[in-house]
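Visitor: Hi, I'm new to this one. Could you walk me through it?

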Amino acid sequence: MAHAFVLSDDSILCRQMPDGWWPLQVQLSPDSNDLSEQAYQVGHVTLHESLAPNHWLSDDSTGNDADDTVDANMAHSFTAHATSAMTYDYAVAHNMTLPIIAESSGNTFVPYRKLMTHLPVALSDQISQAIQLLSWQADTQFCSRCASPTVHADQGERAMVCPICRLRQYPRVQPCVITAITRSNPVTGEMQILLAHHHRHGQQNLPPMYGLIAGFVEVGESLEHAVVREVAEEVNIRVSDIRYVSSQPWPFPSNLMLGFRASYANGDIILQEDELAHADFFDLSNLPRIPPKGSIARDLIDQVAKEQNIDL
Ligand SMILES: [Zn+2]
């Protein structure tokens, strides 16, 4: 049985559950089961199953069939894999059966940023994939070389092909490096981490949010070079002992965050004032407000803290 997520830009149709918002998986009508037809229309993409740990499958393994009979058109048993994703506009244009969408009905569009703090990684990654593919598809309807309308490649290959000049446009991933830089407090010896507060995070009525130094990899440089350059540009210090930790897809719009650790080597912090409002080394026992769980920035900070037996 084919199921689809329903998206509107960076938001996904969700249902309020006791543990927060969860993506709804809309059951495609029987005559739309032929995805080989459906998938090649703008606004509808097929998804790969995420290979991340899919522990949401075993969390909720009872009563799935019963769930389906409660509401024949909705698959609100989250055990089903969504095999595709579509935009809300596509769903409406194709007369899909959708639930009532209003905050009061318990179903509404929720920004992905709010979901990633509590969804299992595999589900979160699948939604990230859906957001990126739908926006890639919307952005590649014309050939970027000769401006002719493009068509989907045959045989399930993810490419938009120009029928005139044969240019193939594939989904692109933009690599970004993000780095947790540590040192010992020069006075007390306590482990410290470099955190920076961006101007753009200063709009809310909350204490300022501090994150890690991050930036895009430029053409022609290695990931390690990008770490060194970004750190030097943003806070003017030198780092050593650069090592890769883990990565996270970040669909705003199609970044792949590559998480690194590094040690402070030398230099005084001088801010790149266009980007940063403040940056400093903070004792792990006395951190400012940091990014929420689910983000790679938080994972890196948590990893450093854990090594010092500190639970954040
Ligand atoms: Zn062309």
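**A walk through the model**

Guide: Sure. Let's begin with Asp9, which counts as exposed because its relative accessibility is 70%. Keep in mind that this is a predicted model.

Visitor: Okay, where is Asp9 found?

Guide: Asp9 is in the loop between strand S1 (3–8) and strand S2 (11–17). Its phi is positive, about 55 degrees, although Asp9 is not a glycine.

Visitor: Why bring up the sign of phi?

Guide: Because most residues other than glycine have a negative phi.

Visitor: Which other residue has a positive phi, near 70 degrees?

Guide: That's Asn236, again a residue other than glycine. You'll find Asn236 in the loop between helix H7 (223–235) and S15. Asn236 counts as partly exposed, because its relative accessibility is 26%.

Visitor: And which residues does a cis peptide bond join?

Guide: Phe252 and Pro253, with omega at about 5 degrees. Pro253 sits in the loop between strand S15 (238–250) and strand S16 (255–266). As a rule, most peptide bonds are trans.

Visitor: New topic: the metal. What are the protein donors of the zinc ion?

Guide: Four cysteine sulfurs: the SG atoms of Cys143, Cys146, Cys162 and Cys165, lying 2.3 Å from the zinc ion.

Visitor: How are those donors spaced along the chain?

Guide: The zinc donors follow the pattern C-x2-C-x15-C-x2-C. Take Cys146 and Cys162, which are 16 residues apart and link distant parts of the chain. Cys146 is in the loop between helix H6 (121–139) and strand S9 (151–152), while Cys162 is in the loop between strand S10 (160–161) and strand S11 (168–169).

Visitor: Buried or exposed, what's Cys162?

Guide: Cys162 is buried, because its relative accessibility is 0%. Cys146, on the other hand, is partly exposed, with a relative accessible area of 34%.

Visitor: What's the geometry of the zinc site?

Guide: The site is tetrahedral, with angles of 100 to 121 degrees among the 4 donor atoms. For reference, the ideal angle for four tetrahedral donors is 109.5 degrees.

Visitor: You mentioned S9, S10 and S11. What order do they have in their sheet?

Guide: They form an open sheet of 3 strands in the order S9-S10-S11, paired antiparallel. S9 and S11 are the edge strands, each pairing on one side only. Between S9 and S10 there are 2 bridges, and His152 stands opposite Met160 in S10.

Visitor: Can you pick out a residue in S11 for me?

Guide: Gln169 is in strand S11. Gln169 counts as buried, because its relative accessibility is 13%. Its C-alpha is 8.3 Å from that of Ser144, although Gln169 and Ser144 are 25 residues apart along the chain.

Visitor: Let's talk strands a bit more. Which way do the side chains point along S14?

Guide: They alternate along strand S14 (residues 213–216). Ile213 and Gly215 point to one face and are buried, while Ala214 and Phe216 point to the other face and are not buried. That fits the general picture, where side chains in a regular strand alternate between the two faces of the sheet.

Visitor: Which strand does S14 pair with over 4 bridges?

Guide: Strand S12 (residues 174–184), in the antiparallel sense. Thr179 is opposite Ile213 in S14.

Visitor: What about pockets? How much space lies in the second largest one?

Guide: About 600 Å³. The second largest pocket is lined by 28 residues, and Gln132, Pro171, Arg172, Val173 and Ser254 lie nearest its centre. H6, S11 and S16 are the elements that give two or more residues to that lining.

Visitor: Which element gives the largest share of the lining?

Guide: H6, with 9 residues.

Visitor: Last stop: which side chain does His44 touch in a polar contact?

Guide: The side chain of Tyr90, at 3.3 Å. His44 is in strand S5 (residues 44–46), and His44 counts as buried because its relative accessibility is 0%.

Visitor: And for contrast, how about Lys306, buried or exposed?

Guide: Lys306 is exposed, with a relative accessible area of 66%. Lys306 is in helix H8 (residues 296–307). Measuring C-alpha to C-alpha, Lys306 and Leu284 are 9.9 Å apart in space and 22 residues apart in sequence.

Definitions and conventions:
Residues numbered from 1 in each chain as written. Predicted model: local features only at pLDDT ≥ 70, side-chain atom pairs only at ≥ 80, totals over all residues. Heavy atoms only, no water. Donors = N, O, S within 2.8 Å, 3.2 Å for Na, K, Ca; no water. Tetrahedral: all angles 85-135°; square planar, octahedral: opposite > 155°, others 65-115°. Buried < 20%, exposed > 50% of the residue type's maximum accessible area, 1.4 Å probe, protein only. Pairing = 2+ DSSP bridges. Polar contact = N/O pair within 3.5 Å; in protein donor to acceptor, adjacent residues only side chain to side chain. 1 Å grid on protein atoms, 1.4 Å probe; cavity = no way out; pocket = protein on both sides within 12 Å on 5 of 7 lines; lining within 4 Å. Points joined across faces, edges and corners; volume = space filled by probe spheres on them.
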